[in-house]
Amino acid sequence: MRHVLSSVLALHWAVVFALLAYICMDGSRGIATALGVLGLSVQANGLAGLENVAVLAPLSIALLTVAVLFCWAFVETLLNTAARPDAGESVARTAFVAASLLLSLILVGGVAQGINGLFMIVAIQMTALLASYVAVLAERRSGFAAMHLPEGDVRAAARMAMGAAHSSLLSRISGRPENKPGGRR
């Protein structure tokens, strides 16, 4: 079973974090632009302490690392789903945890710099990450459960489907209306 939602979400988050890493490489103006992409309007001159390379380089590298983790989860989901149903689950979990930790660090650093309104923006992004993780987990678990149905359940479902098809076909051949789901005609 293809994990379409997992693939799309992994690709989406890989692109988001890669773009944020690329934007942050432009000094203080880059961090202000990155915060603007996240939804917070901050003046570049208000971030004077963030022009330092000692702050920019680790932040860009951390954002790029998270993007690579999501890209790895995307590739793992695409290539190994047929061989292993749980392909990429540990990589996806690691990517989501790393992204959450990074957003938490951005929140702590932003509060230390006195950036107002950052909490709500990070909370929205964390909620989106959590919703994405729950969706990926639900898709993987539903695919795993569908592959491991008990044999009796599969046979019973097949027998019920055959019975419904047989009844419908007989009704059409005889010209009588089909039975409604309560036994009525």
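# Exercises on a predicted helical model

A search of the whole structure, which is a predicted model, turns up one salt bridge. The exercises below start from that pair and then move to the helices, cores and empty spaces.

## Exercise 1: the salt bridge

Task: Find which side chains form the salt bridge, and state how they are placed in their helix.

Solution.
Step 1. The partners are E89 and R93, whose side chains meet at 3.6 Å, N to O.
Step 2. A salt bridge requires a side-chain nitrogen of Lys or Arg within 4 Å of a carboxyl oxygen of Asp or Glu, so the pair at 3.6 Å qualifies.
Step 3. Both residues belong to helix α4, and because they are four residues apart there, about one helical turn separates them.
Step 4. E89 is among the buried residues of α4. R93 has a relative accessible area of 38%, so this residue is partly exposed.
As background, side chains of opposite charge can pair when their charged atoms come close.

## Exercise 2: the overall build

Task: State how many helices and strands the chain has, and what share of its residues is buried.

Solution.
Step 1. The chain contains six helices and zero strands.
Step 2. Along the sequence this gives the pattern α-α-α-α-α-α.
Step 3. The chain has 185 residues, and 32% of them count as buried.

## Exercise 3: helix lengths

Task: Check the end-to-end spans of α1, α3 and α4 against a rise of 1.5 Å a residue.

Solution.
Step 1. α1 has 21 residues and reaches 30 Å between its first and last C-alpha, close to the expected 30 Å.
Step 2. α3 has 28 residues and should span 40 Å; its end C-alpha atoms are 39 Å apart, so the two values agree.
Step 3. α4 has 25 residues, for which 36 Å is expected, and its end C-alpha atoms are 36 Å apart, so there is agreement here as well.
Step 4. Just past α4 comes G114, whose phi is positive, near 85°.

## Exercise 4: buried residues and distant partners

Task: Decide whether L9 and L56 are buried or exposed, and find how far each lies from a residue remote in sequence.

Solution.
Step 1. L9 lies in helix α1. Its relative accessible area is 15%, and buried means under 20%, so L9 is buried.
Step 2. L9 and V136 are 127 residues apart along the chain, yet their C-alpha atoms are separated by 7.8 Å.
Step 3. L56 sits in helix α3. With a relative accessible area of 9%, L56 is therefore buried too.
Step 4. D26 is 30 residues from L56 in sequence and 8.5 Å from it in space, C-alpha to C-alpha.
Step 5. Other buried residues of α1 include W13, F17 and L20, and those of α3 include L63, F70 and F74.

## Exercise 5: the nonpolar cores

Task: Which residues of the largest nonpolar core touch the most other members, and which helices contribute to this core?

Solution.
Step 1. The largest core has 31 residues; F17, L35, L63, F70, L118 and L129 touch the most other members.
Step 2. At least two residues of this core come from each of α1, α2, α3, α4 and α5.
Step 3. A second, separate core has five residues, including A10, A73, F74 and A92.
In soluble globular proteins, nonpolar side chains tend to be buried together.

## Exercise 6: the cavity and the pocket

Task: Describe the linings of the largest cavity and the largest pocket by helix and by residue class.

Solution.
Step 1. One cavity of 30 Å³ or more is present, and the largest cavity has a volume of about 50 Å³.
Step 2. Its lining consists of S6, L9, A10, F70, A73, T77, A92, F96, V136 and R140. The helices α1, α3, α4 and α5 each supply at least two lining residues.
Step 3. By class, the cavity lining has seven nonpolar, two polar and one charged residues.
Step 4. The largest pocket has a volume of about 340 Å³. It is lined by 20 residues, with I31, L59, L105, I106 and G110 nearest its centre.
Step 5. Two or more lining residues of the pocket come from each of α1, α2, α3 and α4, and α4 gives the most, with six.
Step 6. By class, the pocket lining has 17 nonpolar, three polar and no charged residues.

Methods. Residues numbered from 1 in each chain as written. Predicted model: local features only at pLDDT ≥ 70, side-chain atom pairs only at ≥ 80, totals over all residues. Heavy atoms only, no water. 1 Å grid on protein atoms, 1.4 Å probe; cavity = no way out; pocket = protein on both sides within 12 Å on 5 of 7 lines; lining within 4 Å. Points joined across faces, edges and corners; volume = space filled by probe spheres on them. Nonpolar A, V, L, I, M, F, W, Y, C, P; charged D, E, K, R; others polar. Expected span 1.5 Å × (residues − 1). Buried < 20%, exposed > 50% of the residue type's maximum accessible area, 1.4 Å probe, protein only. Core = buried A, V, L, I, M, F, W, Y, C linked by side-chain atoms within 4.5 Å.
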